[in-house]
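User: I would like a formal, close account of one part of this model, followed by its wider setting. Please take the helix I ask about as the point of departure.
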Amino acid sequence: MPQIPSLNITDSFQCHFLLFEDLHLLWEKADARVGGKAVLVVDGNVLALHSERIGKAFPADSVNLFELPPGEGSKTTAMWNRILDFAFSSPLKRNTPLIAIGGGVTGDLAGFAAASLMRGLPLYHVPTTLLAMVDSAIGGKTGVNHAFGKNTIGAFYHPRAVLFDTDFLATLPHREWLCGLSEVLKYGYIAEPDLLVEGAALASPKGRTSDRLRSVIERSVRIKSGIVAADAREAGRRAWLNFGHTFGHALETLDNYSNINHGEAVYAGMIAALFISRHMGHDVSDKPLLELKTHYNLDISPYTSSVDELVTLMTHDKKNRDKDIRLVLVSKQGKPMLASVGDQSLLRDAWNYAFDVLS
Ligand code: ADP
Ligand code: ZN
């Protein structure tokens, strides 16, 4: 039995992190075998690009493979149902492992299937996007979308382990790198300022050395796990993870989830949130973000005349307790704080500033 290096984030957080090892170590781990053939849910693009490595790690006779059509459109109850039917089509036991290989979409959907099958199958995440590695595979959120809203059906369900294999990232498209980078920069502002520098270096291919990738991912995972472990149900501290997101979600909604991806919206959102932080008298710069402007290359022209709509969308954000908007601000790099903002003209100014500097 090979030794699997694992990183226990805290005593109370029972997820093990198997860092940067070959995939087959996961499979050879005893408790991933006892349940018979594993259910492998794999993103279609990832399967096409990495079929050889996945096949080597998970021999065809030991898994049942479900190929997931790529894209957010797969995060539906219909697709969740198809995974359940697929899982039940061969003998399924309470300890049959379910292994999700892909980005955030795969992890959320397959995670929710694992949470619901037999009231919970052992779940293993193999994130293949930077965003999934530094954010969505950590923290136990699973679910699908509904006409009522994004991620409105789901459960908190932690994986047994998350396996990081950075070789997957060799095929990641430029925009997907930037999408994950936004979350790393967020950790720079709410926790470790040095990640603003180290993260920024990942914006271009030459900066993506394996040492840097390893360190940025491991630090991001520790930061998110630490916050989640301290506050698993999203009361106080977990809200810090929403830095840039209250603004970003409004932009994604206005855009109808079409042109702007999550990370791009959060990038613009952090610039707006930092504007408000400065307005409140805090000495915190958005320069580290603006230096990445050409990499993000955001076309915000369709939205600049819709600032009023954006502010209205923010007041409808589900995380607001009353008509004031709860925002995560930054008092200095690495120090988040919560604030209630009732002044809508200030929110408009923040959007106008962000659009101005990004155009
Ligand atoms: P995210 O991880 O950003 O939440 P997705 O799960 O939708 O979002 O993944 C984003 C896109 O990247 C999808 O089209 C997916 O098929 C693709 N993808 C995922 N991992 C890889 C990879 N390692 N190489 C290339 N494309 C990938
Ligand atoms: Zn996010």
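Which residues are exposed on the other side of α3?

Analyst: On the other side of α3, the exposed residues are Ala-78 and Asp-85. Exposed stands for a relative accessible area over 50%, buried for under 20%, and partly exposed for values in between, with a 1.4 Å probe and protein chains only. The model is predicted, so local features need pLDDT of at least 70 and side-chain atom pairs pLDDT 80 or more, whereas totals for chains, interfaces and linings use all residues. Residues are numbered from 1 along each chain as its sequence is written, chains are lettered from A and ligands numbered from 1 in the order in which they are written, and side-chain values use heavy atoms, without hydrogens and water.

Helix α3 occupies residues 77-88, and its 12 residues reach 16 Å from the first C-alpha to the last, close to the 16 Å expected. The expected span is 1.5 Å times one less than the number of residues. Helices (H or I, at least four residues) and strands (E, at least two) are DSSP runs numbered from the N terminus. The buried residues of α3 are Met-79, Trp-80, Ile-83, Leu-84 and Ala-87. These buried residues lie on the same side of α3 because they cover an arc of only 145° around its axis, the arc being that of the directions from the helix axis to the C-beta atoms.

In the loop between α3 and β5 (98-102) stands Pro-97. This proline is buried, at 0% relative accessibility. Its C-alpha is 5.0 Å from that of Ala-38, although 59 residues separate Pro-97 and Ala-38 in sequence.

Helix α10 (262-279) offers a second helix to examine. The end C-alpha atoms of α10 are 26 Å apart, in agreement with the 26 Å that its 18 residues should span. Of those 18 residues, 15 are buried, so α10 is largely enclosed by the rest of the structure. Its N-terminal end is capped by Asn-261, a side-chain oxygen of which lies 3.2 Å from the backbone nitrogen of Gly-263. Just after α10, Gly-281 takes a positive phi of about 100°.

The loop between α9 and α10 holds Asn-256 and Tyr-257. Asn-256 has a phi near 60°, a positive value in a residue other than glycine. Tyr-257, likewise not a glycine, has a positive phi of about 55°. Asn-256 is exposed, with a relative accessible area of 61%, while Tyr-257 is partly exposed at 37%.

Two further loop residues deserve mention. Arg-238 lies between α8 (210-230) and α9 (245-254) and is buried, with a relative accessible area of 3%. The side chain of Arg-238 reaches the backbone oxygen of Gly-139 at 3.4 Å. The C-alpha atoms of Arg-238 and Lys-224 are separated by 8.7 Å, at 14 residues apart along the chain. Ala-203, in the loop between α7 (194-200) and α8, is also buried, with a relative accessible area of 2%. Between the C-alpha atoms of Ala-203 and Tyr-296 there are 8.7 Å, with their positions 93 residues apart along the chain.

Finally, the ligand. Ligand 1 is surrounded by 16 residues, and the closest are Asp-43, Gly-104, Thr-128, Thr-129 and Thr-171; a residue is near the ligand if one of its heavy atoms lies within 4 Å of it. The shell divides into 8 nonpolar, 6 polar and 2 charged residues. Here Ala, Val, Leu, Ile, Met, Phe, Trp, Tyr, Cys and Pro count as nonpolar, Asp, Glu, Lys and Arg as charged, and the others, Gly among them, as polar.

A polar side-chain atom of Asn-45 is 2.8 Å from an oxygen atom of ligand 1. A polar backbone atom of Phe-168 lies 2.9 Å from a nitrogen atom of the ligand. An N or O atom in the side chain of Glu-176 is 3.3 Å from an oxygen atom of ligand 1. Taken alone, ligand 1 exposes 560 Å², of which the protein buries 86%. Two or more residues of the shell come from each of α2 (44-57) and α4 (104-116), and α2 gives the most, with 3 residues.

Key
Polar contact = N/O pair within 3.5 Å; in protein donor to acceptor, adjacent residues only side chain to side chain. Areas by Shrake-Rupley, 256 points an atom, 1.4 Å probe, with all protein chains shown as cover.
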